[in-house]
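Take a moment to turn the model around on your screen before reading on. This report walks through the structure piece by piece, from the overall fold to a few single residues.

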Amino acid sequence: MTLLRDYSARILSILRPIKRSKLAVLPWIFTVSLCLVNTAAAAPSERQLTLFSNNCLQCHAAPHISAPQLGNPSDWEDINAQGEETVLKHVAEGMGGMPPLGYCSACDEQDLRQLIYLMTGMQPSIKSSTQHSKESL
Ligand code: HEC
C-alpha cells in the first residue's frame, strides 16, 4: 500500500503544474490503484512509470494539444472499444499527431502494453493474463 500511495502522490505531482482540477484526476488514480491491487502481476514497474511520465504525459496531460487526455474517461471510450491489439498497433506505428512509439524508443512491446493500460484505463486482455488459468478453476 505504501507503494500505491507513493505512486498516486507521484502522478499528482506530475500533474500539479498542469492547470486542471485535481478532482478530475482522482477517479483515474482510484481506478489505477484498484487495478494495481487486483492484478498485482500487471503492476507497472518503476522504470515503466518513468517512461510514461517522460514520454507520454507531454501530450496526454496537456489539454492544449489535441491528444486524448489522461484521466478523461470519455476521451478513451471509442479508443478502448477498438481492442488492445489495434490500439497497440496505433501506438507502435503512430497515427495522426501520435508519433510512432509515442517517442519512447526505449519501450519494448510489454512496456507499451503497460503504458497503454495506464493511459487508457484498459484492463490487460484475458489471454495474456497469467491469472486466467487460476481464475477459471
Ligand atoms: C507528440 C505528442 C504525443 C506523444 C509524445 C504521445 N502521444 Fe499518444 N497520441 C497523441 C495524439 C495527438 C493522439 C490522437 C491521434 C489521433 O486520433 O489521430 C494520440 C493517441 C494515442 C492513443 C490512442 C490510439 C488509438 O488507437 O486511437 C494511445 C493509446 C496513446 N496515444 C498512447 C500513448 C503512449 C502510451 C505514449 C507514450 C509512450 C504516447 N501516447 C505519447 C499524441 C502523443
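Helices here are DSSP runs of H or I with at least four residues, and they are numbered from the N terminus. With that in hand, here is a first detail to find: just after H6, Gly121 takes a positive phi of about 80°. Keep in mind throughout that this is a predicted model.

## The whole chain

The chain contains seven helices and zero strands. Following the sequence from start to end, you meet the pattern α-α-α-α-α-α-α. Of the 137 residues in the chain, 19% are buried. Among contacts with a separation of 6 or more, 64% are between residues 24 or more positions apart.

## Two helices to know

H3 and H6 will come up again and again, so to speak, in the sections below. The table sets them side by side.

| Helix | Residues in the helix | First to last C-alpha | Expected at 1.5 Å a residue |
|---|---|---|---|
| H3 | 15 residues | 19 Å | 21 Å |
| H6 | twelve residues | 16 Å | 16 Å |

In both cases the span is close to the expected value, for H3 and for H6. H3 has a bend of about 35° at Asn54.

Which residues of H3 are buried? They are Gln48, Leu51, Phe52, Asn55, Cys56 and His60. An α-helix has 3.6 residues a turn, so residues three or four places apart point the same way. You can look for that spacing as you read the list of buried residues in H3. H6 is included in what covers the buried residues of H3.

H6 has its own buried residues, and they are Arg113, Gln114, Leu115, Ile116, Tyr117, Leu118, Met119 and Thr120.

## The nonpolar core

The largest nonpolar core has 13 residues, and those touching the most other members are Leu51, Phe52, Cys56, Leu115, Ile116, Leu118 and Met119. Two or more residues of this core come from each of H3, H5 and H6. H6 gives the most, with five residues.

Cys56 is a good residue to pick out here. Leaving aside neighbours within four places in sequence, Cys56 is in contact with Gly102, Leu115 and Met119.

## Around the ligand

Now look at the ligand. There are 26 residues around the ligand, and Cys56, Cys59, Gly96, Gly97 and Gly102 come nearest. The elements that give two or more residues to this shell are helix H3 (46–60), helix H5 (84–93) and helix H6 (109–120). Which of them gives the most to the shell? It is H3, with five residues. By type, the shell divides into 16 nonpolar residues, ten polar and no charged.

## Four residues up close

Let us finish with some single residues.

Thr120 has its place in helix H6. Is Thr120 buried or exposed? Thr120 counts as buried because it has 20 C-beta neighbours inside 10 Å, and the cut-off for being buried is 20 or more. Not counting residues up to four places away in sequence, Thr120 touches Trp76, Ile79, Asn80 and Val87. Thr120 also shows how a fold brings distant parts of a sequence together: Thr120 and Pro68 are 52 residues apart in sequence, and their C-alpha atoms are 9.1 Å apart in space.

Ser45 sits in the loop between helix H2 (22–38) and H3. Why does Ser45 count as exposed? Ser45 is exposed because 11 other C-beta atoms lie within 10 Å, and a residue with 12 or fewer falls in that class. The C-alpha atoms of Ser45 and Asp111 are separated by 9.2 Å, although these residues are 66 residues apart along the chain.

The last two residues share a loop. Leu101 lies in the loop between H5 and H6, and Tyr103 is found in the loop between H5 and H6 as well. Leu101 is not a glycine, yet it has a positive phi of about 65°. Tyr103 is not a glycine either, and its positive phi is about 70°. Leu101 is partly exposed, with 18 other C-beta atoms within 10 Å. Tyr103 is partly exposed too, with 16 other C-beta atoms within 10 Å.

Technical notes: Residues are numbered from 1 along each chain as its sequence is written. This is a predicted model: local features need pLDDT of at least 70, side-chain atom pairs count only at pLDDT 80 or more; totals for chains, interfaces and linings use all residues. A residue is near a molecule or strand if its C-beta atom, placed from the backbone, lies within 6 Å of it. Ala, Val, Leu, Ile, Met, Phe, Trp, Tyr, Cys and Pro count as nonpolar, Asp, Glu, Lys and Arg as charged, and the others, Gly among them, as polar. The expected span of a helix is 1.5 Å times one less than its number of residues. The bend at a residue is the angle between axes fitted to the seven residues ending there and the seven starting there. Two residues are in contact if their C-beta atoms, placed from the backbone, lie within 7 Å. A nonpolar core is a set of buried Ala, Val, Leu, Ile, Met, Phe, Trp, Tyr and Cys residues joined through C-beta atoms within 7 Å.
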